[in-house]
Each structure stands twice: as structure tokens, then as C-alpha cells.
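This report introduces the structure shown below to a reader who has not met it before. It deals in turn with charges over rings, aromatic pairs, one helix and the confidence of the model.

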Amino acid sequence: MSEASGGQVVHIVGAGPAGLAAALTVAQAGGKAIIHEQRPDVGGRFHGDLQGVENWTTNADVLEELSAMGIRPDLDTQPFYEGTFFDPSGREYDYRSSEPLFYLVRRGPGLGTLDTALKHQAQAAGVEIRFRAPCARLPEGGIVAGGPRAADAIAIGFTFETDRADGAFGVLSESLAPKGYAYLLICGGRGTVAACLFDDFHRERMYLDRTVEFFRRRTGLVMRNPVRFGGAGNVLMPKTARQGGILFAGEAAGFQDALWGFGIRIGMLSGCLAARALLARCPESYDRAWRQRLGGVLRTSLVNRYAFARMGDRGYAKLMRSIGRMRDARRWLFHHYSPSVSKVLLYPLARCRVRSRRGPPACGVLSCDCTWCRSRHSTS
Ligand SMILES: Cc1cc2nc3c(=O)[nH]c(=O)nc-3n(C[C@H](O)[C@H](O)[C@H](O)COP(=O)(O)OP(=O)(O)OC[C@H]3O[C@@H](n4cnc5c(N)ncnc54)[C@H](O)[C@@H]3O)c2cc1C
């Protein structure tokens with residue numbers, strides 16, 4: 001990891017939110033961060049689609065937390081305080097909060113995306129990003145933030161242009177997105193409609209067609225210049241996110257909201273924590289650090305996923321009524337993502353039952369030769 005030339009030199013694999021946050025942390029501490037990114041620019045895994053940075057897993061605002069970790073809040077984000085949701089029968093609920101429920105961001109290369117905003121912050125701080133530089137090994141250690149290594153959930157959808165007003169819409173229905181959800185996000189004349197599936201992946205086109213038709217009927221969705229996109233997410237509660245001097249951050253570690261796949265915030269936080277551990281020349285402190293900050297929410301989200309996957313349409317309808325009874329949807333979400341006695345008790349069962357499709361335990365080393373790792377160059 002260190003080639004001491006004034007400050008520490010930290011090599012990082014992957015210029016996603018986790019890798020860029022790690023690099024910023026290193027640069028701000030006076031070290032030299034070098035990111036190896038296989039693609040020609042940041043955000044290459046994404047397609048200009050709209051995503052949300054969740055703001056409900058802590059009382060404090062996510063942008064304040066990121067600021068405290070050295071990431072400036074000018075990330076081309078748009079706060080959303082409300083959304084319209086539909087239950088499986090089409091019944092409509094409006095959920096609101098007095099504070100942002102989430103911050104909408106666009107993902108991908110190019111101006112106006114979260115990825116580019118982070119890249120600009122990192123480069124201004126002195127981070128070196130080597131593009132078109134796939135990295136197969138980190139012989140002297142460093143941080144691996146190369147994104148998902150298995151498809152535990154997939155999202156398939158369209159990005160498009162629209163004249164519609166900004167808005168966020170969601171639907172829970174087994175016929176649109178088995179064990180997942182479908183969503184429509186519109187901001188500044190751009191839109192994203194998608195089905196996020198946690199099951200039955202091979203019929204994804206049918207679910208996407210149904211999703212588009214649903215939003216067309218219920219919201220008057222009209223897409224101009226639609227472009228298809230898709231992607232995968234990987235959920236795993238790792239025993240450790242370290243292999244010797246190599247620390248894993250973001251989805252490379254399996255860090256992901258197991259319930260609904262909100263991985264941006266967790267990714268950035270884990271990147272910062274990994275960088276701090278290396279800067280302190282104490283890589284072994286990383287496992288303690290991420291468990292302390294992220295362990296609770298990761299475990300709770302796994303229990304939530306276990307319960308959610310068993311609900312079916314009747315359960316979704318009940319769930320949505322219960323959120324609707326709360327005056328503030330953010331409070332409801334905060335409560336359900338917080339550890340409780342019942343969730344602590346259910347965790348061992350959920351951990352056994354919610355299995356990642358990731359390969360064998362050795363599938364964590366960059367040079368791993370399992371089927372997923374060998375095939376991922378064409379899928380990541
Ligand atoms: C369609 C879709 C919608 C999503 N919506 C949301 C949402 O609304 N909210 C949310 O919070 N999360 C969402 N997520 C999840 C979120 O986008 C990810 O959790 C997050 O991007 C993970 O960040 P990361 O830095 O760990 O990995 P990534 O963003 O995947 O970045 C990894 C980077 O590493 C590079 N790389 C990989 N291997 C190598 C290598 N060997 N050498 C060099 N470079 C390498 C890749 O090219 C990539 O640029 C969504 C995911 C998808 C697919």
C-alpha cells in the first residue's frame with residue numbers, strides 16, 4: 001500500500017462512489033490516492049438513470065454525514081420530500097416527510113451525474129484516476145471497490161425525456177417485480193422507469209413491459225427517446241471485508257441495503273472507513289469500523305429482506321397501509337431500518353436464508369477464477 005513519497009500512496013480499484021470516496025479521504029489527509037478504473041470514465045456501469053441516495057437510516061441528514069467525512073454536498077442532488085406509491089391492487093398512497101426522504105441523483109458518465117461530481121471533487125483534491133486501467137491484482141494491498149460480484153437483484157428499465165413535472169412513484173406487486181418493486185422517477189425533464197427484481201430474473205422483459213404499462217395507465221407516463229438499461233446488485237453480509245492488506249468497500253464487499261438495494265450511501269461510507277484504516281496504518285481496524293457504523297443497518301436490512309420476500313401481495317398491501325398511517329414516512333423508514341430486539345433475534349435465521357448468489361468464499365480475491373469472476377468483464 002505505501003510507497004511513501006511525502007504521504008502514503010493508496011491504490012484503489014474502481015472509480016464508483018466507494019472508490020472515489022476512499023480516494024478523497026486519502027487525498028484530504030495528505031496522502032496520494034491512485035484509482036485504477038477499467039472503463040474510459042466514471043459511472044460506466046450506469047446509463048444516465050435516476051437513483052436515490054436514501055436519507056432514512058440515520059436521524060442526521062445523509063449530506064451532513066458525508067460532509068463530516070470530507071465529501072462536499074455539491075453532488076448534483078435533488079431532495080425529494082414525497083412520493084406516490086401503489087399497492088398490488090392499484091390503491092394509491094402519498095407518503096411525505098418534513099425532511100428529504102432521499103436525494104435524487106443521475107448516474108453515469110457525463111455532466112450532471114453523481115459520478116462526475118465525485119470525480120471532479122477527487123481530481124481537485126489531487127486524486128489520480130487511471131482510466132482504461134483494469135486491475136487484476138493489488139500485490140501490496142489497497143482498497144478494492146470494483147462493484148458487485150454477483151447478481152442478487154436486477155433492475156431493468158428505460159431512461160427517457162419527458163415534459164412531466166418532477167415526481168417519484170413506486171409500486172409493490174408480485175406481477176410487476178417479484179420480491180422487489182417497480183419505480184418511476186422524473187426530474188428536470190428526464191425520467192427513469194424500472195422494475196427491480198429479486199426473483200424470476202429470466203422473465204425480466206415481461207415484468208418491464210407490465211411496469212411501463214402500469215405507469216402509463218396510472219400516471220399518464222409518456223416516454224420520449226426511451227433507452228433501455230439494466231444492472232445488477234450484490235448483497236452479502238461479509239464476516240470480514242479484509243484479506244491481509246486488501247480492504248473491500250462498497251458492493252465489492254457485499255455492502256448493500258439487502259431490502260431494496262440502496263447501496264450508494266453505504267458504498268461511500270465504507271470507502272471512507274477503509275481509507276481511514278489504511279491511513280492509520282491499521283488495516284485490521286477496518287472490520288471493527290464498518291461493523292460499528294454499518295453493521296446495524298446491514299443486519300436489519302437483511303432481516304427486512306427475509307420478511308419482505310415472504311409477504312406476497314397481501315403483505316405488501318398491509319405494509320403500505322401501515323406506512324400510510326404514519327404522518328412522516330421518513331420516521332417509519334428510520335424505525336424499520338433500526339435494530340430492535342425482534343430483528344436481532346431474527347438475524348441468525350435471515351442470515352441463513354438470504355443467500356447471496358456470489359461464488360465460493362475465495363471469490364473475493366481480485367484474481368479469483370470462479371465462473372462469475374471470469375464472466376464479469378462482459379457483465380460489469
Ligand atoms: C439499475 C440500478 C439502480 C440502482 N438504484 C439505486 C438507488 O436508487 N439508490 C442507491 O443507493 N443505490 C442504487 N443502486 C445501487 C448502487 O448504484 C450501487 O450500490 C453503488 O453504485 C455501488 O458503488 P460501488 O462504488 O461499490 O460500485 P460501482 O458503482 O459498481 O463502481 C465500481 C467501479 O469499479 C470498476 N471496476 C470493476 N472491476 C474493476 C477492475 N478489476 N479494475 C478496474 N476497475 C474496475 C467498475 O468499472 C466501476 O466503475 C442501483 C443499482 C443499479 C444497478
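A charge is said to sit over a ring if NZ of Lys or CZ of Arg is within 6 Å of the ring centre and within 35 degrees of the ring normal. In this predicted model, Arg305 meets that description, lying over the face of Phe198 at 3.6 Å from the ring centre. Arg107 is likewise placed over the face of Phe46, at 4.0 Å from the ring centre.

**Confidence**

The protein has a mean pLDDT of 92, and 92% of its residues reach 70 or more. Over residues 1-6, however, the pLDDT is below 50. That stretch nevertheless has 13 contacts in the model beyond near neighbours in sequence.

**Aromatic pairs**

The count of aromatic pairs comes to twelve. Two of these pairs are set out in the table.

| Pair | Centre to centre | Angle between planes | Class |
|---|---|---|---|
| Trp56 and Tyr337 | 6.1 Å | 50° | tilted |
| Tyr181 and Trp260 | 6.5 Å | 75° | edge-to-face |

Why does the pair of Trp56 and Tyr337 count as tilted? The planes of the two rings stand at 50°, and the tilted class takes the pairs that are neither under 30 degrees nor over 60. This pair links distant parts of the chain, 281 residues apart. Trp56 belongs to the loop between β3 (50-54) and α2 (62-68), whereas Tyr337 belongs to helix α8 (residues 329-337). With a relative accessibility of 5%, Trp56 counts as buried; Tyr337 is buried too, its relative accessible area being 5%.

The pair of Tyr181 and Trp260 also joins distant parts of the chain, 79 residues apart. Tyr181 lies in strand β12 (residues 181-187), and Trp260 in the loop between β16 (246-248) and α5 (264-279). Both Tyr181 and Trp260 are buried. They are members of one aromatic cluster together with Tyr183, Phe308 and Tyr316.

**Helix α7**

How far apart should the ends of helix α7 be, at 1.5 Å a residue? The 14 residues of this helix (residues 312-325) should span 20 Å, and the end C-alpha atoms are 20 Å apart, so the two values agree. The buried residues in α7 are Gly315, Tyr316, Ala317, Leu319, Met320 and Ile323. These buried residues pack against β5 (82-86), β6 (92-96), α6 (285-308) and α8. In general, an α-helix has 3.6 residues a turn, so residues three or four places apart point the same way.

Methods. Residues numbered from 1 in each chain as written. Predicted model: local features only at pLDDT ≥ 70, side-chain atom pairs only at ≥ 80, totals over all residues. Heavy atoms only, no water. pLDDT = per-residue confidence, 0-100. Contact = heavy atoms within 4.5 Å. Phe/Tyr/Trp six-rings, centres within 6.5 Å; stacked < 30°, edge-to-face > 60°. Helix = DSSP H or I, 4+ residues; strand = E, 2+ residues; numbered from the N terminus. Buried < 20%, exposed > 50% of the residue type's maximum accessible area, 1.4 Å probe, protein only. Expected span 1.5 Å × (residues − 1).
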